[in-house]
Amino acid sequence: MPSSQRRWGFFRSLLALSPLLLGLPAVSIWRHYALPAPLVDEYDAAHTPQLSEHAVLAHTRHLSEEIGFRTVGTREHARADAWMLGQAHALKALCDDAVRAEPGRQLECEVWHQQGSGSHRFDILGKRLYKTYVRLTNIVVRISNGTEEGKQHAVLANAHLDSTLPSPGAADDALAAGILLEAARTLVRTPHWSPAHALVLLWNNAEESLQDGSHLFATQHPVRGSVRAAINLEAAGSTGPELLFQATSAQMVDAYARVPRPYGTVVANDIFSSGVLMSDTDFRQFELYLDVTGLDMAVVGHSYFYHTRKDTVNYIEPGVAQHMGDNALALLRFLSSPDSPLPELTTGYSRPTTVYFSFLNAFFVQYSFATATALHLVLLASSVLLVAAQSANILGVLKGVALVGAALFSALASANIVALFMVHALHAPLSWFRTEYSCLLLYGPAALAGALASSAVLAPRLRINERTLFAAQLFAHVGLAVGVQSAGFGSAALFFLSGCSFFAGLALDAALGGGGQGRMGLGAYALGQAAPLLFGTELFWSVSDIFVPLTGRMGADSPADHIIASIVAVSGSYLFPLALPFVQRFGPQFLSRAAKVSALATGAAVLVFALRAPFDAMHPKRVFVIYNENITTNAVSLGVGTSDPAPGFDALVQDIAAFVGASADGNGNATVAEKVDMHEYNGDWDVLYPFSAFLSPYEIALAPHVSAYADGRFHVEAARDIVDSAAGTRALTLVVRHPGIIWTTIAFDAHVLSWSLDDSPPAEHTRHFVKEASFYGEDEWSIDLVVRLGDAAPPGGLQVNFVGVQETAMWPGKAREKAQGGRAMVLFEALDGWLEDHAQGTVDVTLLGCVGGVAVI
């Protein structure tokens, strides 16, 4: 490099690099959110069938708006089932017409309206839970070439029709239901198309009740044995491209590589597989009970409306349906073709040993773990040779690696100290919540200040210059690539890519004669920062898209700010790894000043963010309200809880209490809300168990009255009761009758020796939770159990807490028929309107009318 350029000061050097520092992240962000143009017509200009977003959204709108909230067990849920069955038969008619129009075409469509009952264990959020269901339904369509050979191997594509309690479920998951339907229609309409292997399309009708519909298919449907792979389509957001976040075999990674718009990375797979996201999909049931490989794909952008009343079609970004639909169609076309890997999956599959990632939302790269290991070792050896050839002090480089580690530790510590200050001193947690990337502005300066401060202290003592620190970053990243890959994580590719960039920078600098006196030319920084800027930007935006909204539903006691601060510190260290040697080039005094300036920037950011409100209409706070009638004591209460640690909830609850007291009493008397503990014996919240563990609840006592359900219609009894004193056991059948009540839950303490739920009840005295979800109109379920006699012997008996949701008392899901919801709906309508005005649209509230009690059997 010219000597004059080496003498450039900080600002001039930074200006020279600014096109790269600004341009590459801008390109990465632009491509990260890139979506295709939505198609309206179902045929192109050449009259070739194509998947139409317009048609997909028409189905989505019908399910989520015309039918509405499709909570399992409601009338709307049954209406969606009937509508989808009609669409399935219409698809079969289309298939039959295509065969008649094209004699000799091998094409057959079969329709099943599956209905069944069952039970399964469903551990979630660290809790052991059991599910039972009665006469739930699925709609299944098999598209094949009509031969037995063609039906021998099938790919399963799944979407769910139901929506959760507080949501109309447009993106989650009516969107995917519409995509499956239109993908099937597009294939059937394609002239001469015939599947070599069958497509099994499943519109399961109970995912939100903890995957009952997929369990029903996987354990009872007659074609389940032919399934070799599964594709699950989901949504936890409503914007941006669909993300591949689980791929469980090399064959399925290879299948995904053929889609027109790949968007996925092994990093997402590693994160989801770790369980840190506390989330799950129907894919779990297919893995557990079908033992098949597959792909799990979801829309994840702007997940602030996930499971809220704002999950509506008008918030689904244009192009989202087209992106997911085109990819799903390509997968179905390939996996049903003669080139499909389905036959080789007959004997099972192995977990993938494949590194894969999409690049700029356009290219898909994949290679084996063996190739990755070889590449990493070659890069390591080449790095050693390159550094040695430059007569570098290897010991000094190793000291530099230690400094890099210390800088990362200091960045984490500084960011978390600021998080601690924001939460406990300023009482301003979640100040970054309403803009995903804004957390970078709050915690980024703190992380940089910490990294620079540690470098300012250690670099002079360790006698580490700019070139040594640059080489140290190379060795640190290459070392991480080798170590992480040897642990079996394909995410090591991130460090390999950045290492390649550093290596290229050092090689360029060596080719140009080096900077002299331990200096580096700016060209080395341009090359060295290229990969971190491209891939680091996508990493940060992808992670923040998921984790920032997630903190709004992680619980009132969650360390949300510390999680986000740590993400910023780690992501920032990867995004700008050469910041340390770059600042080092200007001398120790400048390094100290840079650390102080970063600290001042941190203080300014803290002041600005301390004044920010965490929520707005597009990023609402979640509040849960349960109107509970106890038919045992006639007590009536209003439970209010939230799932985030943001300030102001206590005051909001007291305002709600005052409003409710005035509304209920009619004389202006205020009611006080009392904070209650959330534990496994707080039965009022059992309808939301185990998610209820994340809530911070208050209770507002209302005037007692006798519930309409106190007439005996909702109760728990023993239909069979046999005491064996000699064996010390009691065998009984618990029967729950619940007309007009859905999502019933029972909880009891006992040492269960055996029961009809599974073959392995806990081998101890403990508390058991059993949750039910059944089809509309089904009002009875039961379990057989044998308990140790001392736990449930008369006269004390077995104490069973039971609770459920009134089918007609959910707001706003049942607003169209609010007159049938009784007192709960009268209160909900008034409270919802008041809360909308009071919070100015920043609160999304779930309002459930519940009935419960205690039975001693």
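The tour of this predicted model opens at helix 6, whose buried residues pack against strand 1 (108-121), strand 2 (130-144), strand 3 (154-160), strand 4 (198-204), strand 5 (227-235) and helix 9.

**Stop 1: Helix 6 and its surroundings**

Please select helix 6, residues 212-220. Which residues of this helix are buried? They are D212, G213, S214, H215, L216, F217 and A218. Because 7 of the 9 residues of helix 6 are buried, the helix is largely enclosed by the rest of the structure.

Now add helix 9, residues 283-290, to the selection. Two packed helices are described by the angle between their axes and the distance between the axes. For helix 6 and helix 9, the angle is about 20 degrees and the axes lie 9 Å apart. An angle under 35 degrees counts as roughly parallel, and the two helices are therefore roughly parallel to each other. Helix 6 passes helix 9 in a right-handed crossing. On the side of helix 6, the contact is formed by S214, H215, F217, A218 and T219, while helix 9 supplies Q285, F286, Y289 and L290. Sorted by class, this contact has 5 nonpolar residues, 4 polar residues and no charged residues.

When inspecting either side of such a contact, it is useful to recall a general rule. An α-helix has 3.6 residues a turn, so residues three or four places apart point the same way.

**Stop 2: Helix 3 and helix 10**

Next, select helix 3 (residues 53-67) together with helix 10 (residues 320-335). At what angle do they pack? The angle is about 105 degrees, and the axes are 9 Å apart. That value makes helix 3 roughly perpendicular to helix 10, since angles of 65 to 115 degrees are placed in that category. To see the contact itself, display E53, V56 and L57 in helix 3, which meet V320, A321 and Q322 in helix 10. The residues of this contact comprise 4 nonpolar, 1 polar and 1 charged.

**Stop 3: Two loop residues with positive phi**

Move to the loop between strand 1 and strand 2, where L125 lies. The phi angle of L125 is near 55 degrees, a positive value in a residue other than glycine. L125 counts as partly exposed because its relative accessibility is 29%.

Then select H192, in the loop between helix 5 (170-189) and strand 4. H192 also has a positive phi, near 70 degrees, and is likewise a residue other than glycine. Is H192 buried or exposed? With a relative accessibility of 65%, H192 counts as exposed.

**Stop 4: A buried glutamine**

Select Q485, found in helix 14 (residues 466-486). Q485 is buried, with a relative accessible area of 6%. Leaving aside neighbours within four places in sequence, Q485 is in contact with V355, F369, A372, T373, H376, L480, G490 and A492. Displaying these residues shows what surrounds Q485 in the model.

**Stop 5: Cysteines**

A disulfide is a covalent bond between the sulfur atoms of two cysteines. How many disulfides does the structure hold? The number is 0. Two cysteines may be inspected here: C439 is buried, with a relative accessible area of 2%, whereas C500 is partly exposed at 29%.

**Stop 6: Positions separated along the chain**

Select A604 in helix 20 (residues 588-610). At 40% relative accessibility, A604 counts as partly exposed. Add L442 to the selection: A604 and L442 are 162 residues apart in sequence, and their C-alpha atoms are 9.0 Å apart in space.

Continue to I741, which lies in strand 16 (residues 741-755). I741 is buried, with a relative accessible area of 2%. Beyond neighbours within four places in sequence, I741 is in contact with Y709, F714, G804, V805, Q806 and V851. A distance may be drawn from I741 to G777, which is 36 residues away along the chain; the C-alpha atoms are separated by 9.4 Å.

**Stop 7: Two cis peptide bonds**

The tour ends with two peptide bonds that lead into prolines. The bond from Y689 to P690 is cis, with omega near 5 degrees. P690 is located in the loop between strand 12 (673-675) and strand 13 (698-702). A cis peptide bond also joins W811 and P812, with omega about 5 degrees. P812 can be found in the loop between strand 19 (799-811) and helix 23 (822-838).

Conventions. Residues numbered from 1 in each chain as written. Predicted model: local features only at pLDDT ≥ 70, side-chain atom pairs only at ≥ 80, totals over all residues. Heavy atoms only, no water. Axes fitted to C-alpha atoms, helices over the stretch in contact; angles between N-to-C directions. Helix = DSSP H or I, 4+ residues; strand = E, 2+ residues; numbered from the N terminus. Parallel < 35°, antiparallel > 145°, perpendicular 65-115°, else oblique. Left-handed = near helix turned anticlockwise from the far one by under 90°. Contact = heavy atoms within 4.5 Å. Nonpolar A, V, L, I, M, F, W, Y, C, P; charged D, E, K, R; others polar. Disulfide = S-S within 2.5 Å. Buried < 20%, exposed > 50% of the residue type's maximum accessible area, 1.4 Å probe, protein only.
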